[in-house]
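Subject: Structure handover

Hi there,

Here is the structure I promised to pass on to you. Please have a look at it first, and then read on for my notes.

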Amino acid sequence: MNLSRTRYSPVSRGLLVHCGDRSPSQAKAGQPSATAQKQAVLRLVANTDRGKNVTPEQSAAIMGAIEQLEEMNTMRDPAASPLISGRWSLLYTGSATAEAAQDRKQKEGLIGSTVTDLTGSSGSSPLLPGGDPTRRKPLGRQVTTQSGFVNNRGNFQNIMAEEGRVENIAEFDVLGAACEIKILGSCLQVPAEETEGEARRIAVTFESVNVTLGPLGPLSIPLGWANGGKGPQGWVETTFLDDELRIGRGDKGSIFVAARRK
């Protein structure tokens with residue numbers, strides 16, 4: 001896996017911009033505070049069908065808002081922060097550029113793109129405008145299939161950085177039966193010297209998929225055969241992190257917004 005530094009566009013872009021001792025609630029004259037900018041991002045990603053139902057104009061607006069929030073990040077060494085661990089609800093997944101959107105699936109391959117699609121995002125977080133922490137159905141999304149209704153209940157990620165473990169989870173109902181796809185993997189903080197002296201990148205290797213369909217399962221499917229016997233691999237750089245929200249950029253051009261689950 002190539003762990004060389006990737007520069008993003010157009011925020012110099014994806015590089016963390018630090019603000020000295022400025023608190024997240026402070027802002028320059030004429031600019032929104034980080035708190036207000038977080039709410040702007042959440043409003044824009046709400047009801048986008050996990051980033052799959054956006055117009056080019058919406059995508060551009062979301063990217064602009066995300067980049068502004070990244071510039072307000074005050075968390076140094078986010079990959080080493082204890083705040084990166086926890087239970088996260090994925091709200092939005094997209095691509096930083098149109099070219100990245102076109103190239104991502106080709107770069108990831110069948111297994112990698114499936115992993116990305118399964119762990120794309122969820123609108124079930126109470127942080128979203130109008131969100132209800134007791135509501136099980138994110139954004140009310142239902143997909144009609146020939147066999148009935150498939151109701152997506154959410155996409156989540158659990159990070160246990162101290163243990164070096166990560167879980168990507170998709171929860172859904174099929175004809176009222178609770179189902180789950182859980183992708184298990186290991187994670188490792190990339191040395192800061194490989195990312196310009198700051199710990200912001202975590203390398204991930206996916207090891208297996210556990211599938212539970214109602215009362216059946218879990219069925220465990222190993223992934224060690226993929227990627228020349230290494231399993232699907234990648235990395236994510238955290239470009240904004242606080243106790244509520246996390247923004248990350250992946251090695252294949254993806255960008256995501258995640259909210260901590262209460």
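How many residues lie between β8 and β9 in the hairpin that they form? There are 3 residues between the two strands. I will come back to that hairpin below, but first some background.

Please keep in mind that this is a predicted model. The chain has 262 residues, and 48% of them count as buried. Its secondary structure comes to 4 helices and 10 strands. Starting at the N terminus, the order of the elements is α-α-β-α-β-β-β-β-β-β-α-β-β-β. If we take the contacts between residues at least 6 apart in sequence, 61% of them join residues at least 24 apart.

**The strands towards the end of the chain**

Strand β8 covers residues 233-241, and 7 of its 9 residues are buried, so it is mostly covered. β8 pairs with strand β6 (residues 201-213), and this antiparallel pairing has 5 bridges. One place to look is valine 204, which stands opposite glycine 234 in β8.

β8 also pairs with β9 (residues 245-250), again in the antiparallel sense and over 5 bridges. Here threonine 238 stands opposite glycine 248 of β9, while glutamate 237 faces arginine 249 of β9.

β9 itself is largely enclosed by the rest of the structure, because 6 of its 6 residues are buried. Which residues cover its two sides? Leu245, Ile247 and Arg249 are on one side, Arg246, Gly248 and Gly250 are on the other, and all of these are buried. Two arginines, Arg249 and Arg246, are thus listed among the buried residues of this strand.

From β9 the pairing goes on to β10, antiparallel and with 5 bridges. Leucine 245 has alanine 259 in β10 as its bridge partner. β9 and β10 form a hairpin too, with 3 residues between the strands, and in this hairpin glycine 253 takes a positive phi near 95 degrees.

**The nonpolar cores**

The largest nonpolar core has 22 residues, and the members that touch the most others are Ile181, Ile183, Ile202, Val204 and Val209. Two or more residues come from each of β1 (86-95), β4 (165-174), β5 (177-189), β6 and β10 (254-260). β6 gives the most to this core, with 5 residues.

Valine 204 deserves a click in your viewer. Setting aside neighbours within four places in sequence, valine 204 is in contact with Val166, Ser186, Cys187, Pro232, Gln233 and Gly234. There is also a second, separate core, made up of 18 residues, which includes Val41, Leu42, Tyr92 and Val257.

**The helix pair**

Helix α1 (residues 34-45) packs against helix α2 (residues 56-71) at an angle of about 155 degrees, and their axes are 9 Å apart. Because an angle over 145 degrees counts as roughly antiparallel, α1 is roughly antiparallel to α2. The crossing of these two helices is left-handed. On the α1 side the contact is made by Ala34, Gln37, Lys38, Val41, Leu44 and Val45. On the α2 side, Ala61, Ile62, Ala65, Ile66, Gln68 and Leu69 take part. Note that Val41 of α1 turns up in this contact and also in the second core.

**Two polar residues worth a look**

Is asparagine 158 buried or exposed? With 12% relative accessibility, asparagine 158 counts as buried, because the cut-off is under 20%. Asparagine 158 has its place in strand β3 (residues 148-160). Apart from neighbours within four places in sequence, asparagine 158 is in contact with Gly86, Arg87, Trp88, Arg165, Val166, Glu167 and Ile169. Val166 is in this list, and Val166 is in contact with valine 204 as well.

Serine 95 sits in strand β1. Its relative accessible area is 15%, so serine 95 is buried too. Serine 95 and isoleucine 255 are 160 residues apart along the chain, yet their C-alpha atoms are separated by 5.5 Å.

If you open one region, I would suggest β9, with β8 paired to it and β10 paired to it as well.

Happy to talk it through whenever suits you.

Best wishes

Technical notes
Residues numbered from 1 in each chain as written. Predicted model: local features only at pLDDT ≥ 70, side-chain atom pairs only at ≥ 80, totals over all residues. Heavy atoms only, no water. Buried < 20%, exposed > 50% of the residue type's maximum accessible area, 1.4 Å probe, protein only. Pairing = 2+ DSSP bridges. Core = buried A, V, L, I, M, F, W, Y, C linked by side-chain atoms within 4.5 Å. Contact = heavy atoms within 4.5 Å. Axes fitted to C-alpha atoms, helices over the stretch in contact; angles between N-to-C directions. Parallel < 35°, antiparallel > 145°, perpendicular 65-115°, else oblique. Left-handed = near helix turned anticlockwise from the far one by under 90°.
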